[in-house]
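Biologist: I'd like to learn how to read a model like this one, feature by feature. Can we go through it together?

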Number of protein chains: 2
Amino acid sequence: MKKTTTSKNNPRTDNTSTEQKIKEAARKLFTSKGFTAVTTRDIAVEAGINQALLHYYFRSKEKLFEIVMLENLSLFFGGVSSILNNQQTSIEQKVETLVATYIDKLSQEPDLPLFIANQVQSNPEKFIKNLGIETLIKKSFFLKQFMESDYSKSIHSLNPLHLIINMIGLTLAPFLGAPVIRKICKLDQQHFMTLVQERKTLIPQWILSMVKKRPEQK
Amino acid sequence: MKKTTTSKNNPRTDNTSTEQKIKEAARKLFTSKGFTAVTTRDIAVEAGINQALLHYYFRSKEKLFEIVMLENLSLFFGGVSSILNNQQTSIEQKVETLVATYIDKLSQEPDLPLFIANQVQSNPEKFIKNLGIETLIKKSFFLKQFMESDYSKSIHSLNPLHLIINMIGLTLAPFLGAPVIRKICKLDQQHFMTLVQERKTLIPQWILSMVKKRPEQK
DNA sequence: CATTATTTTAATCAATTGATTAAACTTATT
DNA sequence: AATAAGTTTAATCAATTGATTAAAATAATG
């Protein structure tokens, strides 16, 4: 039987190496190929362990996926709240940090956006519940700050929903299209990274220009 | 045996109703759930036919998926070439028509972007080959037009790659996040549609403001 | 060291999967 | 109507799947 609750054996910090190996293999495969496309045997091979061990440690494929999904969610949204609710920073600074943070994050985990997008599509209510997205955005200091700013008072006022959609869209787009972009433009990993890094300064500029003034209709 | 080549029976235009039913069921399921998550029996049930008929008409699940994928690709990219290569329209007009066309298209086929994104990730080279994307973009009249315009000559000149990424990102974003956006903001289908329709005029304005002038660094 | 608890393994299970087959049924052709 | 060609069906196959089991191997405990 598996040591479940308070066990006495801890070789060192005891995050049983095998358990960890399985979870990491699962995360790699689930994140890049999705739930149904990955078999428990695939995971076992990737982790270099016996297939039965997967069930020994995680009961079922579903349970393991659930864990991976929650990990990916917190990886994707972790830290956002503290940026959005920082009382010391301006709107402009928030946009900058947010974009920069995500570009760095996605540079290390390029499969994350598509994984998240698939979860959003296949299970939106679960997605919303597991995160505090609703409060994360709607009750954020960022939104309050924006609604009280000149931006939302001017006649050029823009629905903040558009703003959020744009920020996310502009940031995720190059990662979602990465394989095609790289292939067509013949960019190696390094050149692609500089392209993406450029956007750290560009996106905030674009976002602010959207909200500051509209070009006159000709 | 199946009537393959030139058959003599044609009730009317003879796109055998069953064959069509299967293909439509397959498209619906494959597009929303992906290849591995859908079984041939799922398709049979959705189409209201016997499972063996699927193989009778399409040989294998893979072949059927291939057909659906190509159909989706041409659905997604159809008409783009004629917009990009129109010698009569200005850059501004091209951006406007492109955005408007896609917003209309995706409003009717909201699952398309994620399906395409998944294909891009899992099989980029096939994706590029099946389409003429490379020529579609790199050799388009649009690009030539842009490179010769004031936009690319000014000191504010912007890598056109960013422009294309932005256009796509801004257009697709609300559809990729649709379920969450609708849930959080409590938008019904109709209100979501007006939100998206607003972007038909907004996105071209944003795109042009990006390329026209940069806000000064403070 | 002996005993017990934990971890790992190989073998196997039942269910599901894509695919095939042979017979039944329908439609067209003469 | 008789025959042939095309279509549909139910039954079945072999392979793969997630999951279980019981025994073996390893580590911990007294």
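Biologist: Let's start with a single residue: is B:K186 buried or exposed?

Modeller: Keep in mind that this is a predicted model. B:K186 is exposed, because just 7 other C-beta atoms lie within 10 Å, and the cut-off for exposed is 12 or fewer. You'll find B:K186 in the loop between α13 (178-185) and α14 (189-212) of chain B.

Biologist: What should I look for in its backbone?

Modeller: Start with the general idea: most residues other than glycine have a negative phi. Now the case here: phi of B:K186 is near 55°, a positive value in a residue that isn't glycine.

Biologist: And what is phi of A:K186?

Modeller: That one is near 50°, again positive in a non-glycine residue. A:K186 sits in the loop between α13 and α14 of chain A. A:K186 counts as exposed because it has 7 C-beta neighbours inside 10 Å.

Biologist: Let's zoom out. How many helices and strands does chain A have?

Modeller: Chain A has 14 helices and 0 strands. Of its 218 residues, 28% are buried. As for contacts between residues at least 6 apart in sequence, 67% of those in chain A link residues at least 24 apart.

Biologist: How do I describe a pair of packed helices?

Modeller: You give the angle between their axes and the distance between the axes. Take α6 (residues 91-108) of chain A and α12(A): they pack at about 20°, with axes 10 Å apart. So α6(A) is roughly parallel to α12(A), since angles under 35 degrees count that way. The crossing of α6(A) past α12(A) is right-handed.

Biologist: Which residues in α6(A) and α12(A) meet?

Modeller: From α6(A) come A:V95, A:L98, A:V99, A:Y102, A:I103 and A:L106, and they meet A:M167, A:T171 and A:F175 in α12(A). By class, that contact has 8 nonpolar residues, 1 polar and no charged.

Biologist: Now the interface. How is its size usually given?

Modeller: Often as the accessible area lost when the parts come together. Here I can offer residue counts: 43 residues from chain A and 43 residues from chain B take part in the contact. On the chain A side, α7 (112-122), α8 (124-130), α9 (133-138), α12 (160-176), α13 (178-185) and α14 (189-212) each supply at least two residues.

Biologist: Which helix gives the largest share of that side?

Modeller: α12(A), with 11 residues. The side of chain A that touches chain B divides into 27 nonpolar, 10 polar and 6 charged residues.

Notes
Residues are numbered from 1 along each chain as its sequence is written. Chains are lettered from A and ligands numbered from 1 in the order in which they are written. This is a predicted model: local features need pLDDT of at least 70, side-chain atom pairs count only at pLDDT 80 or more; totals for chains, interfaces and linings use all residues. Two residues are in contact if their C-beta atoms, placed from the backbone, lie within 7 Å. Helices (H or I, at least four residues) and strands (E, at least two) are DSSP runs, numbered from the N terminus. Ala, Val, Leu, Ile, Met, Phe, Trp, Tyr, Cys and Pro count as nonpolar, Asp, Glu, Lys and Arg as charged, and the others, Gly among them, as polar. A residue is buried if 20 or more other C-beta atoms lie within 10 Å of its own, exposed if 12 or fewer, and partly exposed in between; C-beta atoms are placed from the backbone. Axes are lines fitted to C-alpha atoms, for helices over the stretch in contact, and angles run from 0 to 180 degrees between N-to-C directions. Angles under 35 degrees count as roughly parallel, over 145 as roughly antiparallel, 65 to 115 as roughly perpendicular and the rest as oblique. A crossing is left-handed if the near helix is turned anticlockwise from the far one by less than a right angle, and right-handed if clockwise.
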